[in-house]
Each structure stands twice: as structure tokens, then as C-alpha cells.
There are 2 protein chains.
Amino acid sequence: MARAGLNPQVVVRAAAQLADEVGYEKLTLAALASRLGVALPSLYKHVRGADALAQKLSALAIAELADEMMTAAAGRSGGDALRAVAVAYRSYARRHPGRYPASQRVPDPADPEHLAAGERAVGIAYAMLQGYGIDGDAAVDAARMFRAAVHGFVALEATGGFGLPREVDRSFAQLIAALDVAFRSWPSAVAG
Amino acid sequence: MARAGLNPQVVVRAAAQLADEVGYEKLTLAALASRLGVALPSLYKHVRGADALAQKLSALAIAELADEMMTAAAGRSGGDALRAVAVAYRSYARRHPGRYPASQRVPDPADPEHLAAGERAVGIAYAMLQGYGIDGDAAVDAARMFRAAVHGFVALEATGGFGLPREVDRSFAQLIAALDVAFRSWPSAVAG
DNA sequence: TCGCTTAGCTAATGCCATTAGCCTCCTGGC
DNA sequence: GCCAGGAGGCTAATGGCATTAGCTAAGCGA
């Protein structure tokens with residue numbers, strides 16, 4: 001009965017890796033325990049249960065995603081920043097097909113780090129929009145547009161909602177270009 | 001042991017209603033059987049299993065959604081059509097919080113009606129874009145942009161990813177306006 | 001060194017999906 | 001009008017997963 005040396009962090013990281021391998025919906029405590037070489041109930045010494053694990057995984061993923069978005073945005077503004085952040089977002093979703101869906105879970109209000117990571121991601125969008133001269137209420141709308149378009153795209157791509165893979169890159173580039181057009185004329189769009 | 005009078009259509013319709021009530025992820029054969037007043041295994045006389053039920057539910061939902069989009073688009077073009085179709089799409093997703101996620105499942109290639117319904121929905125988008133003078137490869141990209149933005153928005157809205165409900169209507173109107181701007185200048189966006 | 005906390009374990013429970021096999025109702029052909 | 005068979009119910013059994021309870025041993029600290 002040698003100790004396996006687990007702790008909450010190790011468990012969550014293993015869950016993230018396993019989710020990326022088998023898919024978020026197939027991430028199961030049983031599979032995770034098997035991967036870690038322990039019996040299933042042993043996991044309860046480190047996480048409260050399946051739901052709590054999903055919550056912690058969400059916090060991990062959104063923090064990673066925010067970090068990569070921030071790195072992409074660094075030193076860029078306007079259309080450059082838009083493109084870099086959007087590409088980084090999609091790249092994360094593609095490299096981490098299990099973590100990404102996890103990140104979309106609504107943050108646990110009782111987890112300050114989770115909330116902070118979420119706000120960090122939103123903050124990057126606001127900063128990016130600032131470069132287009134968009135702020136205040138308009139920035140709320142524009143940030144939601146950005147999130148919706150990019151999340152929608154990667155979600156549809158992940159579920160195979162699109163056709164040939166080759167063309168998807170071009171479509172994403174067009175989406176970025178279209179967002180750029182929309183953001184550059186955002187104030188006039190308000191009148192529409 | 002009076003016959004319950006079930007058939008595949010009745011079962012799928014009941015599943016749709018139940019999904020809207022309890023949520024797609026909580027739609028379970030056990031709950032459905034209970035709702036229909038039969039024992040769980042009895043459902044297997046009408047559907048092959050949980051996965052097949054999800055598939056049939058997806059076909060039902062995408063057909064309904066396509067119908068509502070088509071009705072909204074009828075007699076409209078350009079920005080009017082865009083707005084009407086987008087509003088109809090979101091309206092369907094909000095009125096049918098269980099059916100809508102089901103509709104996002106990738107169609108069963110062996111189900112011609114399912115495929116047809118999916119293509120009908122995409123066709124509406126193409127027709128709408130025709131009103132902007134967008135066709136060919138550009139229409140593929142623009143249709144994906146439309147789908148991504150609208151799906152992303154309603155998905156984030158459904159999971160509570162946004163803040164106060166009041167402001168969400170305004171954000172959606174802005175999203176439609178932004179799409180209108182993007183589509184009106186789509187050819188120039190290609191260069192970007 | 002001794003004791004206590006803690007990280008493992010096994011056992012038991014309950015829910016769900018699925019399959020097998022039975023029984024009865026209804027219908028259709030004679 | 002009957003009876004044969006298909007179809008639509010059922011119960012029972014199996015297996016996977018999550019969760020809880022309670023036991024045991026490892027390792028740390030006094």
C-alpha cells in the first residue's frame with residue numbers, strides 16, 4: 001500500500017491531461033483513478049467529487065487560456081492584437097480539446113482564483129477593444145461579440161460542425177477580418 | 001398491462017419536452033420512461049438506446065429550428081432577413097433549452113431527414129448572404145461566421161456566461177448590427 | 001518511540017443503460 | 001368467430017459509475 005503521493009493539484013492536472021486524451025465528456029473518476037493507479041474512492045481524499053473536479057478543472061483551464069491570450073496580446077494593439085488573441089484562443093482550444101470545454105463552465109463564486117482567471121480573460125478583451133476606441137457599455141457588447149464569435153467557431157469546429165478541415169483555417173481568418181471591420185466601425189453599428 | 005400506445009415519434013417528442021424541462025444533460029432514459037408511465041426497458045422497443053434517442057432528438061430539433069428560421073426569413077432580405085433569422089434562432093434556443101443543445105449534435109449520415117434539415121438551415125444562411133451579394137467560397141466563410149456568432153452567443157447565454165439578463169438583449173442587437181456591417185463590407189474584409 | 005493524522009483500501013448502496021427472456025394484447029387471415 | 005403470431009409491454013440480471021462508511025497502515029511530530 002505504498003503511498004501514491006497524490007494531492008489536489010496532481011489530481012486536477014492528471015484530470016486535465018486525461019480529458020485532453022479521451023474527451024471531456026468521457027472524463028470519469030473511474031478512468032482518472034485508474035490512470036493514477038489508485039482505487040476510485042481514494043480520489044475523494046483530494047477532491048469532493050466529480051462535480052468539484054470539473055469545477056477545479058475549469059479554473060485550471062480558464063487560467064491557462066487567459067495566460068495564453070495575455071501573452072498573445074502583449075505588445076500588440078488594434079487588428080494585430082485581435083488576430084493574435086483570436087488565434088491563441090483557437091490554438092488553445094485545439095491543443096486542449098478536453099480542457100477547453102471544461103473552461104466554459106461557469107466559475108464557482110466561492111473560488112477567488114477561478115473568478116480572477118475569468119476576469120483576466122475578459123479584461124484582455126476589454127484592453128483589445130480599447131485599441132479600437134471602444135469602451136463603456138459598447139465594450140460590454142463588443143466583448144460579448146468577440147467571445148461569442150470565437151467560442152462559437154471553436155465549438156462548432158470541435159464538434160465537427162464544419163466541413164473540410166482545410167477550409168476552416170481560411171474561414172477563421174475571415175472571421176477575424178470581419179470582427180476587425182465590425183470593431184472599427186462599432187460606434188456606427190450602435191445606430192443600426 | 002394496458003398498452004401505453006407508444007411509438008418512436010411519441011417517444012422522441014416526449015424526450016424533447018422533457019429535455020426542455022429538465023435540461024439536455026439531465027435527459028435520461030429512466031426519467032423519460034417514468035414520464036411516459038412505462039418501465040425503462042420498454043423504451044427499447046421504440047429506440048435503439050440512449051445514443052439513438054439523442055440522434056433522433058437532434059434531427060427533430062434541427063428540423064424545427066430550420067423551420068422557424070425559414071419562416072423568419074420569408075419575404076425579407078438584407079439586414080431585415082439577417083435580423084429576423086438571428087432573432088428567430090435565439091428565440092428557439094431560449095424557448096427550447098433542452099432541444100437546442102441536442103440540435104448541435106452532428107447529423108447521422110444514415111438519416112436522410114436529419115441531413116436534409118441541417119442543409120435546410122445552412123441554405124437559409126446562404127440565401128440570406130445572397131442578399132448581401134456574398135456567394136461562392138466567401139459565402140462558406142460568411143455562413144460559418146454567422147453560425148459561430150449566433151450559436152456562440154446563445155450557448156454562452158444559456159450557460160450563464162454573461163452578466164445581467166437585461167443587457168443581453170442589447171448585446172444581441174449589437175451583434176446583429178455588427179454582423180450586418182461585416183457582411184455589407186465582406187469583399188473588402190477578404191483583403192484584411 | 002509512540003500516537004495521531006491522513007492517504008490509501010474494501011464493502012455497500014444507488015442510479016443508469018443495456019440485454020435476455022417472458023407474457024399478453026391486438027390484429028389479420030381463414 | 002377463432003386462433004396464430006407479431007409487437008409492445010414486463011421482470012430479472014449484468015455491468016459501469018459515483019458516492020459514503022468504515023477500516024488500516026504509513027509517516028510525521030512531539
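# Reading a protein–DNA model

User: Of the 192 residues of chain A, what percentage count as buried, and how should I read such a figure?

Analyst: Of the 192 residues of chain A, 50% count as buried, and since this is a predicted model, that percentage describes the model's coordinates. For an idea of the dimensions, the C-alpha trace of chain A spans about 65 × 40 × 30 Å along its principal axes.

User: What does the secondary structure of chain A come to, and which pattern does chain A follow along the sequence?

Analyst: Chain A comes to nine helices and zero strands, and when read along the sequence the pattern is α-α-α-α-α-α-α-α-α. Contacts can then be sorted by sequence separation: among those in chain A with a separation of 6 or more, 68% are accounted for by residues 24 or more positions apart.

User: Which residues have the most contacts inside the largest nonpolar core?

Analyst: As a general idea, nonpolar side chains in soluble globular proteins tend to be buried together. Here the largest nonpolar core has 86 residues, and those with the most contacts inside it are Phe146(A), Leu179(A) and Phe183(A), along with Phe146(B), Leu179(B) and Phe183(B). To take one of these in detail, and leaving out residues up to four places away in sequence, Phe146(B) touches Leu82(B), Val85(B), Ala86(B), Ala125(B) and Met128(B), together with Leu179(B) and Phe183(B).

User: Is Glu157(B) buried or exposed, and why?

Analyst: Glu157(B) counts as buried because its relative accessibility is 18%, under the 20% cut-off. Glu157(B) has its place in helix α7 of chain B, residues 137-158, and if neighbours within four places in sequence are set aside, it is in contact with Arg90(B), Arg94(B), Phe162(B) and Val168(B).

User: What does Gln55(A) touch, not counting residues up to four places away in sequence?

Analyst: With that exclusion, the partners of Gln55(A) are Arg105(A), Val106(A), Pro107(A), Asp108(A) and His114(A). Gln55(A) is found in helix α3 of chain A, residues 50-73, and is buried, with a relative accessible area of 14%.

User: How should I read Ala4(A), in the segment before α1 of chain A?

Analyst: Ala4(A) lies in the segment before α1 (8-22) and counts as partly exposed, because its relative accessibility is 45%. Sequence and spatial separation can be quoted side by side: Ala4(A) and His114(A) are 110 residues apart along the chain, and their C-alpha atoms are separated by 27 Å. In chain B, Gly78(B) and Leu65(B) are 13 residues apart in sequence and 20 Å apart in space, C-alpha to C-alpha. Gly78(B) itself has its place in helix α4 (residues 78-95) and counts as buried at 13% relative accessibility.

User: By what turn and shift can chain B be laid on chain A?

Analyst: A turn of 180 degrees with a shift of 0.0 Å along the axis lays chain B on chain A, with an RMSD of 0.0 Å. The two copies are therefore related as by a two-fold rotation axis. The same surface serves both copies, in that 100% of the contact residues of chain B recur in chain A.

User: How many residues surround DNA strand C, and which are the closest?

Analyst: There are 19 residues around DNA strand C, the closest being Ala39(A), Ser42(A), His46(A), Arg3(B) and Tyr44(B). By class, the surface near DNA strand C has eleven nonpolar, five polar and three charged residues. On the DNA side, 60% of the strand C atoms within 4 Å of the protein belong to sugar or phosphate, and the rest belong to bases.

User: Which atoms of DNA strand C lie at short distances from Lys45(A), His46(A) and Ala50(B)?

Analyst: For Lys45(A) the partner is a base oxygen of DNA strand C, 3.1 Å from a polar side-chain atom. For His46(A), a side-chain N or O atom is 2.7 Å from a phosphate oxygen of that strand, whereas Ala50(B) has a polar backbone atom 2.8 Å from a phosphate oxygen.

User: What surrounds DNA strand D?

Analyst: DNA strand D is surrounded by 19 residues, with Thr28(A), Tyr44(A), Ala50(A), Ala39(B) and Ser42(B) the closest. Sugar and phosphate make up 60% of the strand D atoms that come within 4 Å of the protein, and the residues of the surface near DNA strand D divide into eleven nonpolar, five polar and three charged. Phosphate oxygens of strand D lie 3.1 Å from a backbone N or O atom of Leu6(B), 2.8 Å from a polar backbone atom of Ala39(B) and 2.8 Å from a polar side-chain atom of His46(B).

Definitions and conventions:
Residues numbered from 1 in each chain as written. Chains lettered and ligands numbered in written order. Predicted model: local features only at pLDDT ≥ 70, side-chain atom pairs only at ≥ 80, totals over all residues. Heavy atoms only, no water. Near = heavy atom within 4 Å. Polar contact = N/O pair within 3.5 Å; in protein donor to acceptor, adjacent residues only side chain to side chain. Nonpolar A, V, L, I, M, F, W, Y, C, P; charged D, E, K, R; others polar. Least-squares fit on C-alpha atoms with pLDDT ≥ 70 in both. Contact = heavy atoms within 4.5 Å. Core = buried A, V, L, I, M, F, W, Y, C linked by side-chain atoms within 4.5 Å. Buried < 20%, exposed > 50% of the residue type's maximum accessible area, 1.4 Å probe, protein only. Helix = DSSP H or I, 4+ residues; strand = E, 2+ residues; numbered from the N terminus.
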